[in-house]
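Reader: Give me a close look at the empty space shut inside this model, please. Then take me round the aromatic rings while you're at it.

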Amino acid sequence: MWKDKKFLVAGAGKSGIGSANLLLKSGAQVSLYDGNKEVDPQSVFQKLYENTEIPLILGEFTEENAENFDLLVLSPGISVNAEISQIFKNQGKPVWSEIELAYQVSKGKIAAITGTNGKTTTTALTGEIIKGYTDSSFVVGNIGIPYTSVALDTKENSMITAEISSFQLETIVDFCPDVCAVLNITPDHLDRHGTVENYAKTKESIGKNQTGDQVMVLNYEDDTTRKMAERAKGKVIFFSLHHKIKDGVSLCGDTFLIEENGEQIPVCTLSDIHLLGDHNYENILAAIAVTYAMGVPVSYIKEGIKRFHGVAHRIEYVDTVRGVAYYNDSKGTNPDAAIKGIRAMNRPTWLIGGGYDKKSTYDEWIEAFDGKVKELILMGVTAPKIAETARKLGFEQIVFVDSMEEAVEYAASHAKDGDAVLLSPACASWGMFTNYEVRGDIFKECVKKLKEL
């Protein structure tokens with residue numbers, strides 16, 4: 001379908017390689033651009049389909065370069081406002097996200113999930129439920145598996161669950177999920193989107209191409225997502241933690257309940273689940289709404305929930321060493337997510353935080369300590385900013401460290417039997433770590449070494 005088109009893929013990371021490989025398998029003419037002049041061409045070619053050596057453009061990108069291509073595919077890490085994007089737009093040429101590229105060749109039904117917090121857990125749980133129902137299930141997107149890497153493997157009966165970031169939504173064109181969900185909106189990525197309003201609009205665009213026979217799942221408890229119902233193109237299904245929703249999904253007492261056309265359908269109870277905290281109850285409600293809208297029978301939804309034990313890096317229990325419990329919440333990359341992490345703790349807690357500055361504010365996070373935090377162990381660029389906020393709010397128990405190893409050693413040497421140590425940074429990992437997964441894995445490795453002492 002694309003044999004006469006000349007594509008340029010921007011970004012030589014996992015997403016860009018996935019896009020390039022999809023295009024190569026489709027017989028398209030594809031080149032790859034990366035702003036890093038030091039990228040090793042051979043290391044790139046080794047990751048490509050059949051080790052194909054495609055044209056590479058490294059470093060500066062010019063208008064003359066763009067004249068050789070028909071279409072640009074952006075990796076999520078490259079802003080729609082980046083110079084390369086603007087050059088293509090100025091020449092009247094399409095700019096696609098890799099999600100859009102995958103969608104163009106994908107088959108089957110798509111459930112797409114976005115929001116500030118809870119995306120990964122909700123996506124993983126939704127995928128687990130669907131996996132038990134159909135033999136052709138794919139879980140893709142921001143969760144770590146590029147949609148482009150499996151799009152050509154999908155079939156008409158496939159069910160695809162996709163975690164979609166705001167970065168990926170910036171450049172969708174035709175992307176139209178059968179069911180989409182916006183879980184919540186809190187300030188995040190303002191360094192890229194500028195304002196909370198722009199960020200929310202980008203998230204809301206996940207349903208911009210839907211029709212009336214498709215479904216948009218929204219959080220009734222979140223003011224911003226609740227108002228999205230007024231503009232939704234698809235049928236709206238609300239989920240709610242604190243309100244009983246007519247034609248929606250609610251937690252009533254200890255029972256997760258679907259209400260449809262006046263009928264109440266119990267799905268499961270709190271005794272059936274392995275996740276802790278109100279935020280995870282919301283994730284379960286959202287997954288129920290999404291999978292039910294995708295046509296999954298309630299019995300399969302219940303069994304999937306009972307099988308699910310959570311995801312790595314999200315309030316993940318690591319181990320107990322000398323009476324101290326260690327939890328990895330590296331996925332807590334913004335203050336709102338980190339608030340959920342600290343609220344889930346039921347022990348006196350030594351909290352490790354700090355990292356890359358996404359222009360967040362930390363007042364609400366500090367206020368959520370609520371007497372639980374014994375000491376705040378800070379690292380990264382944001383450490384002074386967080387400390388200043390903490391002291392302003394009367395929290396003085398602060399120490400600065402230069403590495404994860406130092407943070408864990410400090411906590412281990414001061415924590416007492418019955419305490420907890422929680423990595424929940426409230427910041428992105430960039431600058432010190434490649435990504436939040438690497439940050440969390442290093443934390444877990446440090447905890448493992450404590451047992452060897």
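Author: Let's fix the key term: on a 1 Å grid over the protein atoms alone, a cavity is a set of points where a 1.4 Å probe fits but cannot get out, and its lining residues have an atom within 4 Å of a point. Keep in mind that this is a predicted model, where local features need pLDDT of at least 70 and side-chain atom pairs count only at pLDDT 80 or more, while totals for chains, interfaces and linings use all residues. Residues are numbered from 1 along each chain as its sequence is written, and side-chain values use heavy atoms, with hydrogens and water left out.

Searching the whole structure turns up 2 cavities of 30 Å³ or more. The largest holds about 50 Å³ of space, a volume being the space filled by probe spheres set on the points, which are joined across faces, edges and corners. Around this cavity you'll find Asn117, Gly118, Leu183, Asn184, Asn219, Phe239, His279, Glu282, Asn283 and Lys340. Helix α11 (residues 278-293) gives the most to that lining, with 3 residues; helices here are DSSP runs of H or I, at least four residues, numbered from the N terminus. By class, the lining has 6 polar, 2 nonpolar and 2 charged residues. (Nonpolar covers Ala, Val, Leu, Ile, Met, Phe, Trp, Tyr, Cys and Pro; charged covers Asp, Glu, Lys and Arg; the others, Gly among them, are polar.)

The second largest cavity comes to about 30 Å³. Of its 10 lining residues, Leu74, Ser75, Ile78, Phe167 and Thr171 are the closest to its centre. Its lining splits into 5 nonpolar, 3 polar and 2 charged residues.

Now for the rings. Rings of Phe, Tyr and Trp (its six-membered ring) pair if their centres lie within 6.5 Å, with planes under 30 degrees apart called stacked, over 60 edge-to-face and the rest tilted. That rule gives 14 aromatic pairs. Take Tyr133 and Tyr300: their centres are 5.3 Å apart and their planes at 70°, so this pair is edge-to-face. Tyr133 lies in helix α6 (residues 119-133) and Tyr300 in helix α12 (residues 298-307), so the pair ties together parts 167 residues apart in sequence. Tyr133 is partly exposed, with a relative accessible area of 34%, and Tyr300 is partly exposed too, at 37% (buried is under 20%, exposed over 50%, partly exposed in between, with a 1.4 Å probe and protein chains only). Elsewhere, ring pairs join Tyr362, Trp365, Phe369 and Phe395 into a cluster.

How values were computed: Helix = DSSP H or I, 4+ residues; strand = E, 2+ residues; numbered from the N terminus. 1 Å grid on protein atoms, 1.4 Å probe; cavity = no way out; pocket = protein on both sides within 12 Å on 5 of 7 lines; lining within 4 Å.
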